[in-house]
Amino acid sequence: MNAQTRPIAPFDVQRVRADFPLLARQVHGKPLVYFDNANTSQKPRQVIEAVDRHYREHNANVARAVHQLGEEATAAYEGARDRLAGLLHAASRDEVVLTSGTTQSINLVAYSFALPKLQPGDAILTTVMEHHANIVPWQLVAARSGATVKAAPIDERGELIVEKYLAMLTPEVKLACVAHVSNVLGTVNPVQEIARECRRRGIPLLVDGSQAVPHRPVDVQALGCDFYAITGHKMLAPTGTGALWAKREHLQAMPPFFGGGEMIREVRFDGTTFAEPPHKFEAGTPNIAGFAGIGVAIDYYASLGFEALHAWEQELMRYALERIEEIPGVRIFGTAQEREPVISFLLDGAQATDLATLLDLEGVAVRSGHHCAHPLMQFFGVPATLRASLAFYNTREEVDAFIAALLKARKLLR
Ligand code: PMP
């Protein structure tokens with residue numbers, strides 16, 4: 001074993017990779033290098049088997065049947081809530097609303113929490129680095145209510161200018177929003193500090209945790225925010241799963257967003273009453289098999305340990321950054337002090353999409369485009385970037401293959 005292949009942290013990446021069947025496949029005759037993890041993660045066999053097992057052995061609807069299968073399906077679904085509450089260090093499992101993902105979680109807050117409060121002249125504060133999911137729902141409810149959406153600026157390093165964010169927390173702001181980790185830059189925002197200042201001013205804070213939970217331990221009570229939105233498919237779980245954690249007092253006060261089965265106490269034409277939160281927000285049949293998978297995904301993270309996983313990812317990111325920085329004519333977007341392994345960049349004279357297409361021919365999957373962050377692209381003055389996003393199951397050898405493919409692609413495009 002030479003220095004290139006020796007594990008660089010106490011983390012057995014080869015053993016972990018063996019759990020991910022898809023990582024063994026070839027693409028265009030080349031071993032797959034999957035560096036599109038910020039888009040969606042791959043799934044370990046434990047999660048795939050849990051979904052498969054659900055349909056083979058336990059399939060039934062939740063909370064409707066008293067038969068054995070219904071109880072088993074409900075146990076898997078409610079078990080996911082317990083695991084999510086544990087993952088986020090929620091004070092209670094009843095603070096966890098199961099959703100289809102971050103987009104639904106944020107829209108739930110927009111329509112159920114924000115919209116009823118908003119008056120003309122009010123504002124919602126977000127930031128320039130947000131994913132569209134943390135911008136557009138606010139614009140929609142602002143348009144309905146006469147409120148406005150304000151965006152706190154960032155600097156050239158891709159860091160939030162925190163003093164500016166805090167200065168923008170003026171009395172007309174009825175809700176503040178921020179990503180925990182940027183999906184384009186990897187920047188980790190100082191959520192605890194922001195939450196402290198929001199509390200001082202009596203402004204509730206929503207955190208988009210989509211890109212944080214796959215990489216680091218999260219404790220919503222220690223962070224001190226009011227809402228924390230996550231999506232399952234970026235953290236080893238099936239698509240169509242996610243959660244909104246919210247303080248109990250908010251969930252108690254919020255009216256339902258979707259109406260239908262499962263969210264009621266009694267339906268009468270002279271007045272329907274609703275179930276207690278979180279069920280009040282969970283109308284209809286959910287992605288039960290997906291939630292059976294998310295529970296197992298969280299157990300999988302626990303078996304690895306976030307400390308070891310994070311150390312490995314950080315080593316890998318530093319190595320990837322070093323190698324990318326060696327390339328003449330490279331421009332890296334985002335050089336924040338504290339960051340997760342998401343690297344956006346461009347090469348002189350090459351379109352991001354052309355590079356991504358050529359990388360694909362070498363088996364390397366990266367994302368090119370605006371990454372659902374138009375305002376951030378506008379800030380940097382580019383229409384698109386190439387984004388390599390790493391996960392704990394990636395290796396140094398994959399970074400080397402990615403760099404070799406990149407150099408080859410650049411040569412072809414010159
Ligand atoms: N916020 C961030 C920071 C994201 O990266 C994403 C997914 N790209 C979302 C929100 C939306 O997540 P979903 O599509 O799973 O709802």
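**Burial, contacts and the ligand site**

Author: Ten names open the account of H4. Buried in this helix are Thr102, Ser105, Ile106, Asn107, Leu108, Val109, Ala110, Ser112, Phe113 and Ala114. The model is a predicted one.

Reader: What makes helix H4 "mostly covered"?

Author: The count does. H4 spans residues 102-114, and 10 of its 13 residues are buried. A residue earns that word when its relative accessible area is under 20%.

Reader: Why is Arg81 called buried?

Author: Its relative accessibility is 0%. The cut-off is under 20%, so Arg81 counts as buried. Arg81 sits in helix H3, residues 68-88.

Reader: How do you know that the side chain of Arg81 makes a polar contact with the side chain of Glu78?

Author: The distance is 2.8 Å. The limit for such a pair of N or O atoms is 3.5 Å, so the pair qualifies. Glu282 is another partner: its side chain and that of Arg81 are joined by a polar contact of 2.7 Å.

Reader: Which residues is Arg81 in contact with, leaving aside its neighbours within four places in sequence?

Author: Arg93, Val96, Val97, Leu98, Pro278, His279 and Glu282. Pro278 has a feature of its own: the peptide bond leading to it from Pro277 is cis, with omega near 5 degrees. Pro278 belongs to the loop between strand S12 (273-274) and helix H10 (288-304).

Reader: Why does Glu197 count as buried?

Author: Its relative accessibility is 14%. That is under 20%, so the term applies. Glu197 lies in helix H7, residues 191-201. Its side chain makes a polar contact of 2.8 Å with the side chain of Arg201. Beyond its neighbours within four places in sequence, Glu197 touches Leu166 and Leu169.

Reader: Why is His89 called partly exposed?

Author: His89 has a relative accessible area of 39%. Buried needs under 20% and exposed needs over 50%, so His89 falls in between. This residue is in the loop between H3 and strand S4 (96-99). Its phi is near 55 degrees, a positive value in a residue other than glycine.

Reader: Is His371 buried or exposed?

Author: Buried: its relative accessibility is 0%, under the 20% cut-off. His371 is in the loop between strand S16 (367-369) and helix H13 (374-380). Phi of His371 is near 55 degrees, again a positive value in a residue other than glycine.

Reader: Now the ligand. Which residues surround it?

Author: Thr102, Thr103, His131, Ala133, Asn183, Asp208, Ser210, Gln211, Thr231, His233 and Lys234. The shell divides into 1 nonpolar, 8 polar and 2 charged residues.

Reader: What makes the link between the ligand and the side chain of Thr103 a polar contact?

Author: An oxygen atom of the ligand is 2.6 Å from an N or O atom in that side chain. The limit is 3.5 Å, so the pair is a polar contact. For the side chain of Gln211, an oxygen atom of the ligand stands 2.7 Å from an N or O atom. For that of Lys234, a nitrogen atom of the ligand is 2.7 Å from an N or O atom. The protein covers 86% of the 400 Å² of accessible area that the ligand has on its own.

Reader: Which domains is the chain divided into?

Author: Domain 1 is 13-38 + 305-413, and domain 2 is 50-302. The contact takes 34 residues from domain 1 and 32 residues from domain 2. Their C-alpha centres lie 28 Å apart.

Note on methods:
Residues are numbered from 1 along each chain as its sequence is written. This is a predicted model: local features need pLDDT of at least 70, side-chain atom pairs count only at pLDDT 80 or more; totals for chains, interfaces and linings use all residues. Side-chain values use heavy atoms; hydrogens and water are left out. A residue is near a molecule or strand if one of its heavy atoms lies within 4 Å of it. A polar contact is a pair of N or O atoms within 3.5 Å; within protein, one must be able to donate a hydrogen and the other to accept it, and residues adjacent in sequence count only if both atoms are side-chain atoms. Accessible areas come from the Shrake-Rupley method with a 1.4 Å probe; for residues, only the protein chains shown count as cover. Ala, Val, Leu, Ile, Met, Phe, Trp, Tyr, Cys and Pro count as nonpolar, Asp, Glu, Lys and Arg as charged, and the others, Gly among them, as polar. Helices (H or I, at least four residues) and strands (E, at least two) are DSSP runs, numbered from the N terminus. Buried means under 20% relative accessible area, exposed over 50%, partly exposed in between (1.4 Å probe, protein chains only). Contact means heavy atoms within 4.5 Å. Domain bounds come from an automatic or database domain assignment.
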